[in-house]
Amino acid sequence: SQVIADRFVIFGGEGKRMVHDLETGVEFEYVWSSILYKGQGVLAGKAEEGWQLLDCCGLPLSGEFYQTVGSFGESLAIVRQNDLYGLVNTAGKQVLPCEYKHLTQMEPFFKIGRDDRFGLLSPTGSLLCPMNYRIYQFSVFCDLYRVGSGDVLYNVRGEAVLHVQGNQEDG
């Protein structure tokens, strides 16, 4: 048997393999070539068509298949489909369609880009900074971010919360 994330146990032989959820006691048949726990009670099963998001009973959350599925942070995971990136929530719904060439997580934010333009998304996937920046210049400080060398720090809602003064020489 194999244990995934201290929650799911895969057992059985060549004829039939099963998955047992230690938290809920639910068992379901393992029908994928591979299965991974992605956090927040969501599994990803590898089929011929790609990775599919599954609930903790092994049922597909949607009909979508992905080239890759990232791990869930609080509620979102980065997915890749047709070499473009998007975001899905724990219900399997695409919060951000797979239309972006660049999408990476900068806890707790996501940086997003198309071609040579970049922007910043909130932890819930809403746009904080439009994709107007040629060079990706966002700095993250705890739950605050700064654009370029600007003197303002913004919170996860895009509100200016702190004005930072540059280094000044004594004199």
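Which two side chains meet in a salt bridge with a separation of 3.0 Å, N to O? They are the side chains of Asp21 and Arg7. The pair ties together parts of the chain that are 14 residues apart in sequence, because Asp21 lies in strand 3 (residues 17-21) and Arg7 lies in the loop between strand 1 (2-4) and strand 2 (8-12). Keep in mind that this is a predicted model.

Now ask about accessibility. Is Asp21 buried or exposed? Asp21 is buried, with a relative accessible area of 0%. Arg7 is buried too, at 9%. The cut-off is simple: buried means under 20% relative accessible area. Asp21, at 0%, meets that cut-off. Arg7, at 9%, meets it as well.

Arg7 has another partner. It forms a salt bridge with Glu23, and here the closest N and O atoms are 3.6 Å apart. This pair links distant parts of the chain, 16 residues apart. Arg7 sits in the loop between strand 1 and strand 2, while Glu23 sits in the loop between strand 3 and strand 4 (27-30). Glu23 is exposed, with a relative accessible area of 61%. Compare the partners in turn: Arg7 is buried, whereas Glu23 is exposed.

Why can such pairs form? Side chains of opposite charge can pair when their charged atoms come close.

Look next at a salt bridge between two strands. Glu99 pairs with Arg114, and their closest N and O atoms are 3.4 Å apart. Glu99 belongs to strand 11 (residues 94-100) and Arg114 to strand 13 (residues 109-114), so the salt bridge ties together parts 15 residues apart in sequence. Glu99 is partly exposed, with a relative accessible area of 40%. Arg114 is also partly exposed, at 34%. Return for a moment to Arg7: shared partners join Arg7, Asp21 and Glu23 into one network of salt bridges. How many salt bridges does the model count? The count comes to four.

The strands named around Arg7 belong to a sheet. Strands of a sheet pair through backbone hydrogen bonds, either parallel or antiparallel. In this sheet, four strands run in the order 1-2-3-4. The sheet is open, and the pairing is antiparallel. Strand 1 and strand 4 are the edge strands, and each pairs on one side only. From one strand to the next, the twist averages 30°.

Take one pairing and follow it. Strand 3 and strand 4 pair in the antiparallel sense over four bridges. Which residue in strand 4 is the bridge partner of Arg17? The partner is Tyr30.

Go back to the loop between strand 1 and strand 2. Ala5 lies there, and so does Asp6. Ala5 is partly exposed, with a relative accessible area of 47%. Asp6 is exposed, at 71%. Asp6 also gives a sense of distance across the model. Asp6 and Pro130 are 124 residues apart in sequence, and their C-alpha atoms are 40 Å apart in space.

The backbone of Ala5 deserves a look. Most residues other than glycine have a negative phi, and most peptide bonds are trans. Ala5 is not a glycine, yet its phi is positive, at about 55°. Asn82 gives another case: its phi is near 55°, a positive value in a residue other than glycine. Find Asn82 in the loop between strand 9 (76-81) and strand 10 (84-89). Asn82 is exposed, with a relative accessible area of 65%.

The last stop is the cysteines. A disulfide is a covalent bond between the sulfur atoms of two cysteines. How many disulfides does the model count? The count is zero. Cys56 is in no disulfide, and the nearest cysteine sulfur, that of Cys57, is 4.7 Å away. Why is there no bond between Cys57 and Cys56? Their sulfur atoms are 4.7 Å apart, which is too far for a bond. The cut-off that matters here is a pair of cysteine sulfur atoms within 2.5 Å. Cys56 is buried, with a relative accessible area of 19%. Cys57 is partly exposed, at 31%.

Terms used: Residues are numbered from 1 along each chain as its sequence is written. This is a predicted model: local features need pLDDT of at least 70, side-chain atom pairs count only at pLDDT 80 or more; totals for chains, interfaces and linings use all residues. Side-chain values use heavy atoms; hydrogens and water are left out. Buried means under 20% relative accessible area, exposed over 50%, partly exposed in between (1.4 Å probe, protein chains only). Two strands pair if DSSP finds at least two bridges between them. Axes are lines fitted to C-alpha atoms, for helices over the stretch in contact, and angles run from 0 to 180 degrees between N-to-C directions.
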